[in-house]
Amino acid sequence: MIAANRHQVILDLLEKAGSVRTIDLAQQLDVTDETIRRDLEKLEKEDRLQRTHGGAVASQHLNKDRSFEERSIQNIDPKRRISKAAAELIQPGDRIFIDASSTALQLTTHPNKLTGTTVITNSVLVLNELAPYSDIEVILSGGVLDRQSHSFIGPATIATLRRYRVDKAFFSGNGIDEIRGISEVNEAQAHIKDFVIPRCANAIFLADPTKLGASSTYFFAQCEQINTFVTTREAQHPLLSTLEDSGTQIVYAD
């Protein structure tokens, strides 16, 4: 297969899944890992993807145009596994913040783990999922409705969050870089996380392995601010050792 055709296959796979692995591409396209690495390098120079450790993710400008519904079905299996492991960290009586990410939203599929807690969120979708459960107290922030993410943003959101104690904050992002930290494509969402994380007792970052080594547009937290990082067992990146050395607990989802 000629290079141009390989590039189109890679981009098509990224459009569907949001991320690809070098080893999988090499097997599927019947070429060497080195060939795939050169393909990914060329496509990154054209701003058509972003390379990560062991593969690539969709270019961030493409992610900006992708709706929440599209993002919510990307990498759905690791998101479900991560949310299951993260739910085990919740105890009755906890006051928790759940951000407006598609990964954190998966926590609502474990309502039994949220029984007896107070959930504070800016996400309308989190509210909708938890509304039927009378034994879960839900506090929805005010603010300006961002229809793309189905969540509230802006100064009024921050003003609401300022009033409450948060024991555990569950959040995600588009990438985590060793030097600059965790980043997000949406500036308004980044501001909310930037406010909550330093004020909570346990900042819990939820991310699949494709986020390791990646970065986006707006940085909102340094690596040392992460108390707990929940990812999957497939995660292999030097950044994991750096996080552990700084005191971050790494939880690997089965």
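# Close-up views of a predicted model

**View A. Asp30 sits in the loop between α2 and α3.** Welcome to the first close-up; keep in mind that the model shown here is predicted. The phi angle of Asp30 is positive, about 60°, although Asp30 is not a glycine. Is Asp30 buried or exposed? Its relative accessible area is 69%, and exposed means over 50%, so Asp30 counts as exposed.

**View B. His150 is another residue with a positive phi that is not a glycine.** Look for His150 in the loop between β7 (144-146) and β8 (151-153). Its phi is about 55°. How exposed is His150? With a relative accessible area of 24%, His150 is partly exposed.

**View C. Phe152 belongs to strand β8.** Phe152 has a relative accessible area of 17%, and buried means under 20%, so Phe152 is buried. Which residues does Phe152 touch, leaving aside those up to four places away in sequence? Its contacts include Asn122, Val124 and Thr157, as well as Ile192. The run from Leu140 to Leu145 also touches Phe152: Leu140, Ser141, Gly142, Gly143, Val144 and Leu145 are on the list of contacts. For a sense of scale, find Thr103 too: Phe152 and Thr103 are separated by 49 residues in sequence and by 17 Å in space, C-alpha to C-alpha.

**View D. Helix α1 covers residues 3-17.** This helix has 15 residues. From its first C-alpha to its last, α1 reaches 21 Å, close to the 21 Å expected at 1.5 Å a residue. Which residues of α1 are buried? They are Arg6, His7, Ile10, Leu11 and Leu14. These five cover an arc of only 135° around the axis, which means they are on the same side of α1. Here is a handy rule to go with this view: an α-helix has 3.6 residues a turn, so residues three or four places apart point the same way. What do the buried residues of α1 pack against? Their partners are the strands β1 (19-21), β2 (49-52) and β3 (55-58), along with the helices α2 (22-29) and α3 (33-45). Just after the helix comes Gly18, with a positive phi near 90°.

**View E. Helix α6 runs through residues 76-87.** How far apart are its end C-alpha atoms? They are 16 Å apart, and this agrees with the 16 Å that twelve residues should span at 1.5 Å a residue. Several residues of α6 are buried, among them Pro78, Arg81, Ile82 and Ala85. Lys79 and Ser83 are buried as well, and so are Ala86 and Ala87.

**View F. The largest pocket holds about 760 Å³ of space.** How many residues line the largest pocket? There are 28 of them, and Val20, Arg21, Gly54, Pro209 and Thr210 lie nearest its centre. Two or more lining residues come from each of β1, α2, α3, β2 and α6. Which element gives the largest share of the lining? That is α3, with four residues.

**View G. Strand β4 (residues 95-98) has buried side chains pointing both ways.** Arg95 and Phe97 point one way, Ile96 and Ile98 point the other way, and all are buried. In a regular strand the side chains alternate between the two faces of the sheet. Four bridges link β4 to strand β5 (residues 118-121), and the two run parallel. Follow Ile98 across to β5 and you meet its bridge partner, Thr121. Strand β4 also runs parallel to strand β9 (residues 166-171), joined by three bridges. Here the pair to find is Phe97 and its bridge partner in β9, Ala169.

**View H. Strand β14 (residues 228-232) is mostly covered.** How many of its residues are buried? Five of its five residues are. Thr228, Val230 and Thr232 point one way from the strand, while Phe229 and Thr231 point the other way. Strand β12 (residues 200-206) pairs with β14 in the parallel sense over three bridges, and β14 pairs with strand β15 (residues 249-253) in the parallel sense over five. Val230 makes a good landmark for both pairings: Leu206 stands opposite Val230, and Val230 stands opposite Val251 in β15.

Terms used. Residues are numbered from 1 along each chain as its sequence is written. This is a predicted model: local features need pLDDT of at least 70, side-chain atom pairs count only at pLDDT 80 or more; totals for chains, interfaces and linings use all residues. Side-chain values use heavy atoms; hydrogens and water are left out. Buried means under 20% relative accessible area, exposed over 50%, partly exposed in between (1.4 Å probe, protein chains only). Two strands pair if DSSP finds at least two bridges between them. The expected span of a helix is 1.5 Å times one less than its number of residues. The arc is that of the directions from the helix axis to the C-beta atoms. Contact means heavy atoms within 4.5 Å. On a 1 Å grid over the protein atoms alone, a cavity is a set of points where a 1.4 Å probe fits but cannot get out, and a pocket is an open set with protein on both sides within 12 Å along at least five of seven lines; lining residues have an atom within 4 Å of a point. Grid points are joined across faces, edges and corners, and a volume is the space filled by probe spheres set on the points.
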